[in-house]
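Welcome! Below are a few short exercises, each followed by a worked solution, to help you find your way around.

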Amino acid sequence: MIFLDGLPESLKIGGVEYPIHTDFRVILAYDRMLNSGEDNGRTMLQALQRIFDVIPRDIEEAITTLNWFINCGKREKQYKPSHKVLGINSNLPFDFEEDDLLIWSAFKARYGIDLLKIESLHWWLFRALLDDLGEEVRLSQIMQYRVIDTNMDGISKERKKFLEAMQRYYKISKYEEERDEEFIQALLNGEDISRFLERQEKEEC
């Protein structure tokens with residue numbers, strides 16, 4: 001509980017407390033490096049150097065503990081309502097790279113916080129504020145467009161057509177690149193690619 005324990009400024013790894021950099025920009029830089037497409041040990045070490053002044057000896061435990069920190073100390077719940085029950089699809093709701101200006105605008109409008117000028121903002125507080133932006137900001141509206149299930153019962157043809165147009169317009173290009181890579185890898189591995197073709201046909205309809 002942050003009210004009693006405060007916000008974490010270090011991580012315990014191998015019985016040793018390692019101070020970490022907690023500003024949201026540091027975590028975003030770490031995430032960008034991990035998703036750069038360069039899957040090698042050197043990239044991982046460079047990413048960890050963003051967080052730790054002294055890199056722990058046990059790299060595997062360091063990554064596991066750091067993931068706990070990035071998830072704001074919350075464990076993933078074993079049970080989650082299905083997408084159908086929630087009325088959503090499997091699209092990504094937002095992306096830090098693609099939606100950076102929208103995030104800046106939302107924080108400025110909702111909280112009066114200029115994320116470009118603020119000296120430091122703890123990652124946990126940044127995520128709490130991001131998760132509580134409210135429906136009135138444009139980012140929240142775009143996120144709803146991206147994830148709403150257009151095949152839900154009760155949606156008129158006109159509404160369905162509008163929502164599908166919005167999903168195409170606000171589609172996260174990074175997500176498309178990841179899907180293209182999955183498709184290419186499936187081809188190279190000789191896997192069944194019918195799921196990719198079916199998905200493409202649905203999007204073109």
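Let us start with a ring in the interior of this predicted model.

**Exercise 1.** Is Phe-107 buried or exposed?

*Solution.* Step one: look up the relative accessibility of Phe-107, which is 0%. Step two: compare this with the cut-off, since buried means under 20%. Phe-107 therefore counts as buried.

**Exercise 2.** How are the rings of Phe-107 and Phe-126 arranged?

*Solution.* Step one: take the distance between the ring centres, 5.4 Å. Pairing asks for centres within 6.5 Å. Step two: take the angle between the planes, 20°. Planes under 30 degrees apart count as stacked, so Phe-107 and Phe-126 make a stacked pair. Step three: place the partners in the chain. Phe-107 sits in helix 6 (residues 100-111) and Phe-126 in helix 7 (residues 123-131), 19 residues apart, and the pair links these distant parts of the chain. Phe-126 is buried, at a relative accessible area of 1%.

**Exercise 3.** What kind of aromatic pair do Phe-94 and Phe-96 form?

*Solution.* Step one: a search of the whole structure gives 13 aromatic pairs. Step two: for Phe-94 and Phe-96, the centres are 5.1 Å apart and the planes meet at 90°. Angles over 60 count as edge-to-face, so this pair is edge-to-face. Step three: check the surroundings. Phe-96 is partly exposed, with 22% relative accessibility. Both residues belong to one aromatic cluster, whose members include Phe-107 and Phe-126.

**Exercise 4.** Which parts of the chain does the salt bridge between Arg-146 and Asp-99 tie together?

*Solution.* Step one: find the contact. The closest N and O atoms of Arg-146 and Asp-99 are 2.8 Å apart. Step two: locate the ends. Arg-146 lies in helix 8 (residues 138-147), while Asp-99 is in the loop between helix 5 (83-86) and helix 6, so the bridge joins parts 47 residues apart in sequence. Step three: check burial. Arg-146 is buried at 5% relative accessibility, and Asp-99 is buried at 1%.

**Exercise 5.** Is Glu-136, the partner of Arg-110 in a salt bridge, buried or exposed?

*Solution.* Step one: the closest N and O atoms of Arg-110 and Glu-136 lie 3.7 Å apart. Step two: Glu-136 has a relative accessible area of 55%, so Glu-136 is exposed. Step three: Arg-110, at 35%, is partly exposed.

Technical notes
Residues numbered from 1 in each chain as written. Predicted model: local features only at pLDDT ≥ 70, side-chain atom pairs only at ≥ 80, totals over all residues. Heavy atoms only, no water. Phe/Tyr/Trp six-rings, centres within 6.5 Å; stacked < 30°, edge-to-face > 60°. Buried < 20%, exposed > 50% of the residue type's maximum accessible area, 1.4 Å probe, protein only. Helix = DSSP H or I, 4+ residues; strand = E, 2+ residues; numbered from the N terminus. Salt bridge = Lys/Arg side-chain N within 4 Å of Asp/Glu carboxyl O.
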